[in-house]
Amino acid sequence: MNQDDFEISVEVSDPKVQSGLNKYTTYSVRGMDKNGQFDVIRRFSDFRLIRQFLITKWPGCYIPPLPPRKAIGNMDQKFIDDRMHSLQEWMRIMSQSKYFWYSEEFQLFIKANGDIEKALTQVPKLTYDEIINKYQDTFTDLSGREINRELIQKITDFHQFLKRVNPMVENFKQIAKNIAEARQNFQESMVNFLQNQLPGYEQQVLLEFSESQDKLVIQNIKNDEYPSQLLNNYLNLLQQNEYQSLFQEIKKESKQVKAFLETMIQREKYEQQKVVYEQKQKELQIQLQEVLAGKSSIKNIFSTSKKEDQIAKLQVQIDQVCKDIENMQFICDILTVLLGYIEIDKFKLEKQQNYYRMAKSLIQYEVQLSQVSEEFWERVQQNYNLL
């Protein structure tokens, strides 16, 4: 793919809640590309709009999903901040596909002032010929790639795989959510136990039994710099929840699976449209044969047109349908090559890398938490009152 080497920079920041009858949040979208600087204000609905435009203008290309909508709690600051980071990541991913970024519709999104919906609706619809020409210019390295039975089977198998695992991913998402919530409750309770309940028990109960501050365990640790630091390290890790990150990753993956299914369905729609045109071609050819044979069909029995005019009209229609079939076939071939040679492998590799990154992060957290916990409790055990 011939792409410009200019490194695109983009930042989504400065979320602001706009007051009114229906509150909404706006975000600043700033950066620079080969066409210069851009600095616009966009709301979440604008991001949804440009994604839908890209799906329409780039059929068969995988468009990453946006973060989900939220009907209740969408004005909470944490939700707004999380959405801002998700939109930043979405823009970063889009900047890696220069053909999306420098398309007319996306350039309007990052540079047009005023009503972005109005600006986008003025972008003309693409004809089949224009889609073909655009894809030929964009994906030049796919030219000449072979379409064979194995490639078509690869696409079919992956489509069936995604449909099969989609409910499994949804179930895994719910499990990850339950674990994240359970872990959150446990670690918050443990923090409260170490910070408040256990020291409080020592001061209010154990002190009465022992009649000496020196015999308090946790209090003595807090007064000693080294074990006190161990306690702080332990508390800091307990206040993190890597399982919440796991849940967010699975949540994103669930949306990505659905988005890729949408991509594959687009190819199917073109295949179905080709079948419709082929059926129409057969019907027109039958009508033409009947007219040439001097037979009267229901459609032409009441026609006042001359036989020659009917033949000419039917031939024009047949030629147009042949052209439509040819275009559909060409687009289907392009999408087959795009999915079979690029998008499926790219998606698989991305999911694999995400899983390994997620697993590594979770393992590192658990190991670190275990080490810090063990170090802290061993130091507690060294208290002479416990020996």
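Are Tyr62 and Phe260 buried or exposed? Both Tyr62 and Phe260 are buried, where buried means under 20% relative accessible area, exposed means over 50%, and partly exposed covers what falls in between (1.4 Å probe, protein chains only). Before going further, keep in mind that this is a predicted model: local features need pLDDT of at least 70, side-chain atom pairs count only at pLDDT 80 or more, and totals for chains, interfaces and linings use all residues. Residues are numbered from 1 along each chain as its sequence is written, and side-chain values use heavy atoms, with hydrogens and water left out.

Let's stay with aromatic rings for a moment. Searching the whole structure turns up 22 aromatic pairs. Rings of Phe, Tyr and Trp (its six-membered ring) pair if their centres lie within 6.5 Å; planes under 30 degrees apart count as stacked, over 60 as edge-to-face and the rest as tilted. Tyr62 and Phe260 make a tilted pair, with 5.3 Å centre to centre and 40° between the planes. Tyr62 sits in the loop between helix 1 and helix 2 (77-95) and Phe260 in helix 10, so this pair ties together parts that are 198 residues apart in sequence. Helices here are DSSP runs (H or I, at least four residues), as are strands (E, at least two), all numbered from the N terminus.

Now compare Tyr99 and Phe139. Their ring centres are 5.2 Å apart and their planes are at 70°, so this pair is edge-to-face. It also links distant parts of the chain, with Tyr99 in helix 3 and Phe139 in the loop between helix 6 and helix 7 (149-210), 40 residues apart. Tyr99 is buried at 12% relative accessible area, and Phe139 is buried at 5%.

Some rings gather in a bigger group: Phe38, Phe47, Trp90, Trp101, Phe106 and Phe109 form one aromatic cluster. Phe109 has a charged visitor too, as the charged end of Arg42 sits over its ring, 5.5 Å from the centre. That label needs NZ of Lys or CZ of Arg within 6 Å of the ring centre and within 35 degrees of the ring normal. Elsewhere, Lys351 lies over the face of Phe347, at 5.3 Å from the ring centre.

Next, the core. In soluble globular proteins, nonpolar side chains tend to be buried together. A nonpolar core is a set of buried Ala, Val, Leu, Ile, Met, Phe, Trp, Tyr and Cys residues joined through side-chain atoms within 4.5 Å. The largest one has 56 residues, and Met91, Trp101, Phe106 and Tyr135 touch the most other members. Helix 11 (residues 307-381) supplies the largest share of this core, eleven residues. Apart from it lies another core of 16 residues, among them Met190, Leu230, Leu369 and Val380.

Helix 6 (residues 128-138) shows how a helix can turn one side inward: its buried residues are Ile131, Ile132, Lys134, Tyr135 and Thr138. Seen down the helix axis, they fall within an arc of 165° (taken from the directions from the axis to the C-beta atoms), so they line one face of helix 6. These buried residues pack against helix 1 (44-57), helix 3 (98-101), helix 10 (242-292) and helix 11, with contact meaning heavy atoms within 4.5 Å.

Finally, a backbone oddity. Asp14, in strand 1 (residues 9-18), has a positive phi of about 50° although it is not a glycine.
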